Amino acid sequence: MSVVSSRVSSVSSILKSPGVRSQLIRQSNRVHFKLPKNLKSIIYNFEAGNGTKDYEDLICILRDSNIKDTDLIEFLSNVRQCISLLGPIHKVFVETLLQIKWTNRSIDVTSAYKAFIEDLICMQIHYAKNTIDSLVEQFKPDEDNDDEWKNEKCKEEDIERLNHIHNVLQKILKVVPMSSKLLLQSLRARFPYIVHGTRTHEVYVYALIQILSYAPQLRSDILSLIINRLMVLDVNIPRSEIENEEDEDLMDDASECDSILGNVNNVVEENNITETDEVHPIAHKLDMCMELILKYMYNCCFINGVLQVECLRSLYFDILQIFETVILPTHASQYVQYIMFYICSFKTAVTEAFVDWLWQKASNPNVPSIIRQSSVVYIASLLVAATFVTTGLVKAVQFEISKWIHDYINMQDHSNYIEDGNKEHSVFYSVCEALFLIIIKRHNDYPDSKKYMLYLQELDLAKIITCKLNPLKACHPEIAHSFAEITRIYQLAYCYTVIENNTRNQLPLFDSKKGTTPTVEIFSPFNTYTLQRSGQRIIPVLRDNVNSRAHRTSMKYRGYIEYMTEY
């Protein structure tokens with residue numbers, strides 16, 4: 001018994017020793033097969049219907065066995081001599097060759113494989129799609145995990161693999177210029193899904209950006225693809241918002257009001273303690289990819305720290321087109337829109353051009369109302385949040401918006417728009433709320449209060465708030481009260497009377513057919529940026545980055561307290 005037990009224990013100790021078991025498993029699977037040298041005869045016999053077994057055995061060897069470098073080099077040389085024979089009937093054989101992992105082999109193997117692909121594309125063009133699909137698929141690393149790059153640099157193994165693939169793709173695009181369409185189709189079809197890890201997304205986006213160095217004509221399409229897929233990640237990140245139901249409970253219970261008034265700071269501290277520092281995995285993927293895009297934009301427009309105006313101009317129009325087709329129609333995205341924000345920070349002229357483009361959208365009656373409203377929201381949020389927006393631009397936009405509002409009011413003066421329930425004024429209310437928000441957030445930027453007050457008087461705000469359309473009725477209560485306070489300070493208008501009347505008119509009446517004006521939804525696309533790595537480029541150009549739950553909670557209670565103390 002002792003002999004048996006000792007023998008068993010010795011065997012088990014050997015198997016349990018680190019690395020021994022894995023080495024035995026690898027060695028057991030490492031079977032090498034000799035590749036045939038009579039490839040041409042195998043192909044002829046298969047086409048004649050005599051050598052099907054040899055042909056299938058060759059495919060199985062290429063697919064399942066480990067092939068030595070020397071054997072593979074010799075076999076690829078034989079394949080190159082037979083490429084003219086590889087018609088559509090040999091599609092399975094060619095696809096098997098294209099699936100061989102060659103990028104991590106010796107230099108001789110990679111050189112032989114590249115030569116094989118070049119000959120295949122030149123002589124058998126119908127295999128171009130299969131070849132490009134195989135190359136693009138190898139952009140992705142073998143290990144799919146959430147490990148990020150160390151020191152923001154791609155791993156050496158990934159760089160070596162990508163360099164080989166880009167070298168082949170560059171030659172294919174040069175030999176077959178029309179293959180760019182196939183490349184774009186393959187890039188779209190093989191973009192990592194949302195369930196893939198951070199490393200796969202990061203390496204794939206990095207590879208796509210590298211393509212732009214040797215195929216700049218594809219920049220607009222590739223950037224559009226990247227931003228479109230980043231938007232998918234963006235909208236799938238859960239929002240951490242304070243539930244509004246708590247506010248209703250606080251309003252109903254007066255005793256809770258006293259506890260809130262005395263313990264606001266405690267509430268904020270508790271939220272700081274309970275707030276988790278963990279980053280959502282989808283947000284982490286988006287953060288890494290956003291950093292790659294923003295870094296590319298900066299490197300494209302700045303050389304040795306000097307702005308290249310022509311490069312900026314070209315990139316701006318590409319990004320603007322993507323903004324129009326992808327970002328602007330997307331509701332309540334959190335981060336991707338900062339790509340446009342970042343390029344606007346490069347030069348004031350870009351900001352002015354972007355604001356002008358947005359205003360043309362907002363003021364065009366032929367544009368869908370939802371796009372017009374989104375355009376207005378982007379204008380207001382940009383002017384409010386960006387540190388690079390000048391006060392001169394703010395005043396010019398305020399004047400242009402107020403002029404449009406007055407024209408709209410004058411146009412509606414003689415119409416029965418109050419009783420007409422089918423008349424839509426959502427754009428008007430959005431424009432008014434944007435004007436009120438800009439005045440609220442930027443009025444402190446003018447040191448000469450008297451001169452600024454004279455400027456605000458030219459806007460004729462009193463006429464706007466007292467018109468029959470009643471824009472304060474559609475404004476969010478927080479914006480309405482803040483605007484009322486500003487107008488009271490500058491003695492421009494008295495909004496509190498209008499607000500009180502609106503509050504009384506909002507009370508439900510039995511058997512009343514009179515409709516209520518819906519409140520304009522608050523959506524500030526440039527309000528907060530919480531992604532850590534890419535945030536190092538965005539946060540410095542944000543005026544107030546409200547990114548913590550504690551700050552939002554304190555603001556919520558502060559607004560409630562101010563509301564209670566006013567009346």
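**Exercise 1. The nonpolar core**

Name the residues that touch the most other members of the largest nonpolar core, and the helix that gives the most to this core.

Solution. Start with the term: a nonpolar core is a set of buried Ala, Val, Leu, Ile, Met, Phe, Trp, Tyr and Cys residues joined through side-chain atoms within 4.5 Å. Buried means under 20% relative accessible area, exposed over 50%, and partly exposed in between, with a 1.4 Å probe and protein chains only. The largest core holds 172 residues, and Phe93, Phe116, Phe139, Leu187, Phe354, Ile405 and Phe428 touch the most other members. Helix α16 (residues 281-301) gives the most to this core, with 12 residues. Helices (H or I, at least four residues) are DSSP runs numbered from the N terminus.

The model is predicted: local features need pLDDT of at least 70 and side-chain atom pairs count only at pLDDT 80 or more, while totals for chains, interfaces and linings use all residues. Residues are numbered from 1 along each chain as its sequence is written, and side-chain values use heavy atoms, with hydrogens and water left out.

Next, take one core member. Beyond residues up to four places away in sequence, Phe93 touches Leu39, Tyr55, Leu58, Ile59, Leu62, Phe75, Val79 and Leu86; contact means heavy atoms within 4.5 Å.

**Exercise 2. Helix α7**

Compare the reach of α7 with its expected span, then list its buried residues and what covers them.

Solution. The expected span is 1.5 Å times one less than the number of residues. Helix α7 (residues 107-123) has 17 residues and reaches 24 Å from first to last C-alpha, close to the 24 Å expected. Its buried residues are Val109, Thr110, Ala112, Tyr113, Lys114, Ala115, Phe116, Ile117, Leu120 and Ile121. The cover over the buried residues of α7 includes α5 (69-81), α6 (91-98), α8 (128-137) and α9 (156-175).

**Exercise 3. Helices α19 and α21**

Describe how α19 and α21 lie relative to each other, and which residues make the contact.

Solution. Axes are lines fitted to C-alpha atoms, for helices over the stretch in contact, and angles run from 0 to 180 degrees between N-to-C directions. The axes of α19 (residues 348-362) and α21 (residues 391-412) come within 12 Å and cross at roughly 10°. Therefore α19 is roughly parallel to α21, a label for angles under 35 degrees. On α19 the contact uses Thr351, Glu352, Val355 and Trp359; on α21 it uses Leu393, Val397, Glu400, Ile401 and Trp404. By class, this contact of α19 with α21 has six nonpolar, one polar and two charged residues. Here Ala, Val, Leu, Ile, Met, Phe, Trp, Tyr, Cys and Pro count as nonpolar, Asp, Glu, Lys and Arg as charged, and the others, Gly among them, as polar.

**Exercise 4. Three loop residues**

State where His90, Asp460 and Gln491 lie, and whether each is buried, partly exposed or exposed.

Solution. His90 is in the loop between α5 and α6 and counts as buried because its relative accessibility is 0%. Leaving aside neighbours within four places in sequence, His90 contacts Ile43, Phe46, Glu47, Tyr55, Leu85 and Tyr127.

Asp460 sits in the loop between α23 (449-458) and α24 (461-465). Its relative accessibility is 34%, so Asp460 counts as partly exposed. Asp460 is not a glycine, yet has a positive phi of about 55°.

Gln491 belongs to the loop between α26 (477-489) and α27 (496-505). At 63% relative accessibility Gln491 counts as exposed, and Gln491, also not a glycine, has a positive phi of about 55°.

Terms used: Helices (H or I, at least four residues) and strands (E, at least two) are DSSP runs, numbered from the N terminus. Angles under 35 degrees count as roughly parallel, over 145 as roughly antiparallel, 65 to 115 as roughly perpendicular and the rest as oblique.
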